[in-house]
Amino acid sequence: MTATNGAATPASDATGGRAGAGPGPGPGTARNDTVAAVVRQWRAVHPELDTGPMEVIGRINRCAALLQQAEDAPLRRAGLSRPEFDLLGALRRTGHELTPGELARETFSSGAAVTKRLKQLTERGLVERRGDTRDRRVAHVRLTDAGRDLVDGILPEQLAYETAVLSVLDPEGQDGLSGLLAELLSRLEGRMNALRT
């Protein structure tokens, strides 16, 4: 992303104030977060270009990076990576066995990546695999009791963190943001599905 990634970068607004000071500005006012600083730099280099999309995509990427850094703390304590927890979570929330292919679709991962992670999780005793009685090429994966207990122990801590993060927005703001992101995600998924067909 040309705007910014997860790395922290100091930013100042047009008046020299540091980013993150005070409440966020309203619509139409100067913003002073890290992405705003990057956008101002690009405007100075290419004033003829519309940097509006960068302001949206850059902020989504920046928020995602910051959230993942913090959310990964309970996973690190449990000795899990984010992709490994996503696999365990998919098995827990669906409530039934899944094939590696289904897990790849559920977690937006490649088949090779899922195979590698399943091997690690199996060695830790968190998932178990069984062969299909009709097709030996197919495997079915399910959580062990230890895997289920691990997911159920980590999830409340994650949700508590997410609640604290979103508390900077009032409920109306959270609903509005959720609606906009849902609309964007739906359109992006529709476009990607159309490209695959």
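Let me start with a word we'll need today: a residue is buried if its relative accessible area is under 20%, exposed if over 50%, and partly exposed in between, using a 1.4 Å probe and protein chains only.

Thr144 is a nice case to try this on. Is Thr144 buried or exposed? Thr144 counts as buried, because its relative accessible area is 13%.

Before we go on, two notes about what we're looking at. This is a predicted model, so local features need pLDDT of at least 70 and side-chain atom pairs count only at pLDDT 80 or more, while totals for chains, interfaces and linings use all residues. Residues are numbered from 1 along each chain as its sequence is written, and side-chain values use heavy atoms, with hydrogens and water left out.

Now, the overall picture. The chain has seven helices and two strands; these are DSSP runs, with helices being H or I of at least four residues and strands E of at least two, numbered from the N terminus. Along the sequence they follow the pattern α-α-α-α-α-β-β-α-α. The chain has 197 residues, and 28% of them count as buried. About 13,000 Å² is exposed, with carbon and sulfur atoms supplying 57% of that; areas here come from the Shrake-Rupley method with a 1.4 Å probe, and for residues only the protein chains shown count as cover. As for contacts, meaning heavy atoms within 4.5 Å, take those with a separation of 6 or more: residues 24 or more positions apart account for 52% of them.

Back to Thr144, then. You'll find Thr144 in the loop between strand 2 and helix 6. What does the side chain of Thr144 reach at 3.1 Å? That partner is the backbone nitrogen of Gly147. A polar atom of the Thr144 side chain also lies 2.6 Å from the backbone oxygen of Gly125. Both are polar contacts: pairs of N or O atoms within 3.5 Å, where, within protein, one must be able to donate a hydrogen and the other to accept it, and residues adjacent in sequence count only if both atoms are side-chain atoms. If we set aside neighbours within four places in sequence, Thr144 is in contact with Gly125, Leu126, Val127 and Glu128.

Next, helix 4, residues 100–107. Which residues of helix 4 are buried? They are Pro100, Leu103, Ala104 and Thr107. These four sit on the same side of helix 4, because they cover an arc of only 105 degrees around the axis, the arc being that of the directions from the helix axis to the C-beta atoms. Their cover includes helix 3 (82–94), helix 5 (111–123), strand 1 (127–131) and strand 2 (139–143). Right after helix 4 comes Phe108, with a positive phi near 55 degrees.

On to charges. A salt bridge is a side-chain nitrogen of Lys or Arg within 4 Å of a carboxyl oxygen of Asp or Glu, and by this rule there are twelve. One of them joins Arg130 and Glu97, whose closest N and O atoms are 2.9 Å apart. Arg130 is in strand 1 and Glu97 in the loop between helix 3 and helix 4, so this pair ties together parts that are 33 residues apart in sequence. Arg130 is partly exposed at 36% relative accessibility, and Glu97 is partly exposed at 22%.

Other salt bridges stay inside one helix. Asp145 and Arg148 meet at 2.8 Å, N to O; they are three residues apart in helix 6, so about one helical turn separates them. In helix 7, Arg187 and Glu183 lie four residues apart, about one turn of the helix, and their side chains form a salt bridge at 3.5 Å.

Last stop, the surface. A nonpolar patch of about 790 Å² includes Val56, Ile57, Val168 and Leu188 among its residues. Helix 2 (52–77) and helix 7 (171–196) are the elements that give two or more residues, and helix 7 gives the most, with four. Patch residues have over 30% relative accessible area and no salt bridge; like charges are joined within 9 Å, and nonpolar side chains (Val, Leu, Ile, Met, Phe, Trp, Tyr) within 5 Å. Where is Val168? Val168 lies in the loop between helix 6 (145–166) and helix 7, and Val168 counts as exposed because its relative accessible area is 71%.
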